[in-house]
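This report introduces a protein structure to a reader who has not met it before. The sequence and the model are shown first, and a description by topic follows.

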Amino acid sequence: MAYNLGAKRVVLARELTLTDIAQIRDNTPPELELEAFVHGAMCMSVSGRCLLSSYMTGRSGNRGSCAGPCRLPFEANALPEGKPGRLHHLSLKDNSVIDKLDKLQAIGVASAKIEGRLRTPEYVAAAVSACLAGREGRAYDRDLLKNAFSRSGFTSGYLDGKIDGTMFGVRSEADAELTKKTLPALRELYR
């Protein structure tokens, strides 16, 4: 219906598997471009359905202003009075499926989406550089990309259909330290 109304591109939900995307491609007009999320932050909620930030801070993630409350420590168990939670039950690792760009392209994905909201220009440079290399089948510096920003690594769980505990991660002090050490190389890449 959207295509008949003039839509030229569909931005696919982050939660789709490679098989789901192939099915969508097989059932849409070939002129309709598909855009898939290949690198960046993922929220705990299903795409476009999060209200947590809006309720807690008045900043809606569905309007591009998420305050990131899912990154805060929460605990599911009752805590003694005055004891803050220390676990991060809602924090997912960043998505990274750059190494699967060839598969996405083979099934008809026309555009790769990088999520870089609230990230530095150096981070965006690392992600774009990796995507360009991945698209051309060249090796890219995965460590540089990870060190630009990660929450203890990356996940490809949704695209692979492996939705489990390995998708969770937090930004550790070690991650932040690696970013500081890598900053000169990232700035040079950005230049």
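## A buried charged pair

Both D94 and R119 are buried. The model described here is a predicted one. D94 and R119 form a salt bridge, with their closest N and O atoms 3.2 Å apart. D94 belongs to strand β3 and R119 to the loop between β4 and α4 (121–135), so this pair ties together parts that are 25 residues apart in sequence.

## Other salt bridges

How many salt bridges does the count come to? The count comes to ten salt bridges. In general terms, side chains of opposite charge can pair when their charged atoms come close. One of these contacts is between the side chains of R187 and E122, with an N to O distance of 3.8 Å. R187 is in helix α7 (residues 173–190) and E122 is in helix α4, so the salt bridge ties together parts that are 65 residues apart in sequence. The two partners differ in exposure: R187 is partly exposed, with a relative accessible area of 41%, whereas E122 counts as buried because its relative accessibility is 13%, and buried means under 20%.

A further salt bridge joins E136 to R138, where the closest N and O atoms are 2.8 Å apart. E136 counts as partly exposed at 47% relative accessibility, and R138 counts as partly exposed at 45%. In addition, R9, E33 and E35 are linked in a network of salt bridges.

## Strand β2 and its partners

Is strand β2 (residues 33–40) largely enclosed or largely open? Seven of its eight residues are buried, so β2 is largely enclosed by the rest of the structure. Strand β1 (residues 9–11) pairs with β2 in the parallel sense, over three bridges. Within this pairing, V11 stands opposite E35 of β2. Between the two strands, the chain passes from β1 through helix α1 (residues 18–26) to β2, and this β-α-β crossover is right-handed.

Strand β2 also pairs with strand β4 (residues 111–114); the two run parallel and are joined by four bridges. The bridge partner of A36 in β4 is A112. With strand β3 (residues 94–96) the sense is antiparallel, and two bridges join that strand to β2. Here G40 stands opposite N95 of β3. Strand β3 is also the strand that holds D94, the salt-bridge partner of R119.

## The nonpolar core

The largest nonpolar core contains 23 residues. Those with the most contacts inside this core are I21, V38, I98, L101, L104 and L145. At least two residues of the core come from each of β2, α3 (101–106), α4 and α5 (142–148). Which of the elements gives the most to this core? Helix α4 does, with five residues.

Two of the elements that supply the core have therefore already appeared above: β2 and α4 each contribute at least two residues to the core, while β2 is largely enclosed and α4 holds E122, the partner of R187.

## A nonpolar patch on the surface

Which residues make the nonpolar surface patch of about 450 Å²? The patch is made by L51, Y55, M56 and L72. Of these residues, M56 lies in helix α2 (residues 52–57). M56 is partly exposed, with a relative accessible area of 45%.

## Two loop residues

S152 is placed in the loop between α5 and β5 (154–155). The phi angle of S152 is near 60°, a positive value in a residue other than glycine. At 36% relative accessibility, S152 counts as partly exposed, because partly exposed residues fall between the limits of 20% and 50%.

R138, the salt-bridge partner of E136, is found in the loop between α4 and α5. The C-alpha atom of R138 is separated by 38 Å from that of L87, and these two residues are 51 residues apart along the chain.

Definitions and conventions
Residues numbered from 1 in each chain as written. Predicted model: local features only at pLDDT ≥ 70, side-chain atom pairs only at ≥ 80, totals over all residues. Heavy atoms only, no water. Patch = residues over 30% accessible without salt bridge, like charges linked within 9 Å, V, L, I, M, F, W, Y side chains within 5 Å. Areas by Shrake-Rupley, 256 points an atom, 1.4 Å probe, with all protein chains shown as cover. Salt bridge = Lys/Arg side-chain N within 4 Å of Asp/Glu carboxyl O. Buried < 20%, exposed > 50% of the residue type's maximum accessible area, 1.4 Å probe, protein only. Pairing = 2+ DSSP bridges. Right-handed = clockwise from strand over helix to strand, strands pointing away. Core = buried A, V, L, I, M, F, W, Y, C linked by side-chain atoms within 4.5 Å.
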